[in-house]
Amino acid sequence: MRVGVIGTGHVGLVSCASLALMGHQVVGCDSDPEKISLIRSGVAPFYEPGLDDCLRDEMASGRLTFTSDVQEAVRGAEVVFICVGTPPRASGEANLLAIEQAVRQFARYATGPAIAVAKSTVPAGTAGRVQRVLLLERPDLAGQLDVVSNPEFLREGTALEDALHPDRILVGASSPRALETMRRLYEPLLNHGCKLIETDIRTAELAKHACNAFLALKISYVNALARLCEKVGADVVTIADVMGADARIGRAFLNAGLGFGGYCFPKDIQAFERLAAGLGYEFTLLREVARINEEAVAATIEKMRGVLWNLEDKRIALFGLSFKPGTDDIRFAPALALARRLIEDGASVVGYDPQAGPNAKEELPELEVVLDPYEAAVKCHAVVICTEWPEFRSLDLVRLRNALIFPLVIDGRNLFDPSDMRAAGLLYYPTGRPPVEPDDLAS
Ligand code: NAD
C-alpha cells in the first residue's frame with residue numbers, strides 16, 4: 001500500500017520504519033528540513049534503540065523515502081498518517097494547530113480517494129473538525145476523503161518493538177471503506193495474532209486519553225502511598241508487590257519515585273481534564289494525579305534539606321536526565337524539574353545521562369553536564385537517582401562514595417538494594433522505604 005506520514009518525530013519516524021517493514025511503500029515528511037536530511041543520512045534525530053539500523057535497511061530496500069515536501073508524501077497515497085505534535089497550551093488544553101495545518105496540507109495535495117489517519121493524541125471530537133476541513137477544502141473529493149482515529153501506544157525506548165508487536169491496534173472509523181483499508185494496512189500484524197479493536201471515532205480518541213490518564217493515576221497512587229510509607233516507616237516496594245500479586249491490580253506502573261514525565265502523561269492528563277471541563281464535567285481526579293506528581297520533586301528537595309540543611313553552596317549530582325531510560329527525550333523530565341528547583345535554591349547541579357546529556361544542556365544551560373557518573377559525583381554533597389537506566393545498577397558504590405564529599409544518595413527510582421548501600425558506606429534515602437545509615441554516620 002502507498003502510505004504517507006506527516007511528522008517524523010518519535011511517533012512518525014517509528015511509524016515510517018514499521019510500516020515499511022510491513023511491506024508498504026512509505027514516504028515520510030517533516031516541516032523541519034534539517035531533520036529530514038539527518039534521517040536521509042540514516043540517523044534518527046533522537047535516540048531510539050534499533051531505529052537507525054532499521055531506517056537504513058528500509059531506505060536501502062527502496063520501500064522508505066523521506067522528503068521535506070509534504071506534497072510528495074501525500075500525492076498518490078491511499079493512507080496518510082498524521083503524527084505531528086499536540087503540545088499543551090498555557091491553559092493545559094491541547095494545541096491542535098499543527099494537526100489543522102497537516103490536515104489542510106493533506107486535503108490540498110490529495111489526488112484521489114485517501115484516508116487521513118490521526119496517530120497523534122487528540123481530544124475527543126477532533127476527527128469531526130478534521131472531517132469538516134476536508135469537506136470545505138476539497139468539495140471535489142466529497143465522499144472520497146475519510147478520517148480515521150488510530151491512536152499510538154508505543155513507548156519510547158522500546159518503540160520499534162511496540163510498533164511491530166503492539167498489545168492492540170485501535171481503529172476508530174465511521175466508514176466501512178476506511179475500516180477495510182485499515183484492516184488491509186495492518187494485515188501483516190493481524191496475521192500474527194495482534195488484536196484489532198474497532199470502534200467509533202470519538203471512542204477511539206477518548207480511549208487513548210483514558211489509557212494514559214489511568215497509567216499516570218497508578219503512578220501517582222503509589223507515589224502518594226510512598227509519602228505515607230515514609231511517615232509510617234513501611235516499605236512501598238513490598239506494598240506494591242502485595243498489590244501487584246492481585247491479578248485485578250497488576251504490578252506494572254506501581255513503582256514509586258520521582259514521578260512521571262515525557263511527552264505523553266503530563267500533557268495528556270491536562271488536556272483530558274480540560275476537555276472534560278469544557279464539556280461540563282469536572283474530572284478533579286486528574287488534577288489530583290498531576291498535583292501528586294509535582295509533589296514528588298518537592299518531596300525529594302525536602303528529603304535533601306532534611307539531611308544537608310541549606311542547599312545554597314551545595315553541589316548535587318543528578319544521575320539520569322531523560323524522562324525514562326532508553327531515550328534521550330527530556331520533555332517534561334522530572335530530573336530537569338528537580339535541577340531547576342535546586343538551582344533556584346542556590347545549589348550547583350551537575351548531571352550525567354547515558355544519552356540525554358546534550359539535550360538537557362541545551363534545555364537548561366545552567367546545568368553542568370559530564371560524560372561519566374563518577375566524574376559527576378566528584379565533590380558533591382548528594383547524588384539523586386532520577387532515571388532508572390539499567391547501567392546505574394552496576395555502579396561501583398565504593399568508588400562513588402569516595403568521589404562524594406558527603407555520602408548521600410537519594411534514590412528517586414528505588415534502584416538499589418539498601419544493604420549494598422550500607423555496605424558501601426552510603427547514607428541512602430530510597431523512595432517510600434526506610435533510609436539506611438552506614439554505621440559510622442549513625443548517631
Ligand atoms: P515530536 O515532537 O517528536 O514530532 C512531531 C513532528 O512533527 C516534528 O518533527 C515536527 O517538526 C513535525 N511537524 C509539525 N508540523 C508539521 C507539518 N505541518 N508538516 C510536517 N511535519 C510537521 O512528537 P511525537 O513525540 O512524535 O508525538 C506526536 C504525537 O503522538 C503527539 O500527539 C503525542 O502525544 C503522540 N504520542 C507520542 C508518543 C511518544 O512516546 N512520544 C507516544 C504515543 C503518542
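Trainee: How many salt bridges are there between domain 1 and domain 2?

Mentor: In this predicted model, the count between domain 1 and domain 2 comes to 1 salt bridge.

Trainee: And where do the domains begin and end?

Mentor: The division gives domain 1 residues 2-199 and domain 2 residues 200-443, and the centres of the two, taken over C-alpha atoms, are separated by 33 Å. Domain 1 brings 34 residues to the contact, while domain 2 brings 28 residues.

Trainee: What area do they bury between them, and how much of it is on carbon and sulfur atoms?

Mentor: Domain 1 and domain 2 bury about 2,400 Å² between them, and 61% of that area lies on carbon and sulfur atoms. As background, the size of an interface is often expressed as the accessible area lost when the parts come together.

Trainee: Switching to salt bridges in general, how many are in the whole structure?

Mentor: A search of the whole structure turns up 29 salt bridges. One to look at is E156 with R331, whose side chains meet at 3.7 Å, N to O. Another is R155 with D162, where the closest N and O atoms are 2.7 Å apart.

Trainee: For that second pair, is R155 buried or partly exposed?

Mentor: R155 is partly exposed, because its relative accessible area is 45%, whereas D162 is buried, because its relative accessible area is 11%.

Trainee: Which salt bridge does E230 form?

Mentor: E230 forms a salt bridge with R227, and the closest N and O atoms of the pair are 3.8 Å apart. Both residues belong to helix α10, where they lie 3 residues apart, about one turn of the helix. In general, an α-helix has 3.6 residues a turn, so residues three or four places apart point the same way.

Trainee: Why does R227 count as buried?

Mentor: R227 counts as buried because its relative accessibility is 15%, and the cut-off for buried is under 20%. Its partner E230 has a relative accessible area of 31%, so E230 is partly exposed.

Trainee: What about E288, which residue does it pair with?

Mentor: E288 forms a salt bridge with R291, with the closest N and O atoms 2.7 Å apart. These two residues both lie in helix α13, again 3 residues apart, about one turn of the helix. E288 counts as partly exposed because its relative accessibility is 34%, and R291 counts as partly exposed because its relative accessibility is 39%. There is also a network in which salt bridges that share partners join E273, R274, E282 and R287.

Trainee: Back to α10 for a second, is H209 in that helix buried or exposed?

Mentor: The place of H209 is in helix α10, which covers residues 201-232, and H209 is buried, because its relative accessible area is 3%. Leaving aside residues up to four places away in sequence, H209 touches T121, V122, P123, D268, A271 and F272.

Trainee: New topic, then: how many residues of strand β6 are buried?

Mentor: Strand β6 spans residues 145-149, and 5 of its 5 residues are buried. Both faces of β6 are covered, with L145, V147 and S149 buried on one side and D146 and V148 buried on the other.

Trainee: Which strands does β6 pair with?

Mentor: Among them is strand β5, residues 114-118, which pairs with β6 in the parallel sense over 5 bridges, and there A114 has L145 of β6 as its bridge partner. Between β5 and β6 the chain crosses through helix α6, residues 126-137, and this β-α-β crossover is right-handed. Strand β7, residues 168-173, runs antiparallel to β6 and is joined to it by 2 bridges, with G172 in β7 as the bridge partner of S149.

Trainee: Last one: which residues of helix α14 are buried, and what do they pack against?

Mentor: In helix α14, residues 334-344, the buried residues are P334, A335, L336, L338, A339 and L342. The buried residues of α14 pack against α13 (284-308), β9 (315-319), β10 (348-352), α15 (357-363) and β12 (382-385). Just after α14 comes G346, which takes a positive phi of about 95 degrees.

How values were computed. Residues numbered from 1 in each chain as written. Predicted model: local features only at pLDDT ≥ 70, side-chain atom pairs only at ≥ 80, totals over all residues. Heavy atoms only, no water. Buried < 20%, exposed > 50% of the residue type's maximum accessible area, 1.4 Å probe, protein only. Helix = DSSP H or I, 4+ residues; strand = E, 2+ residues; numbered from the N terminus. Pairing = 2+ DSSP bridges. Right-handed = clockwise from strand over helix to strand, strands pointing away. Domains from an automatic or database assignment. Contact = heavy atoms within 4.5 Å. Buried area = accessible area lost by both parts, 1.4 Å probe. Salt bridge = Lys/Arg side-chain N within 4 Å of Asp/Glu carboxyl O.
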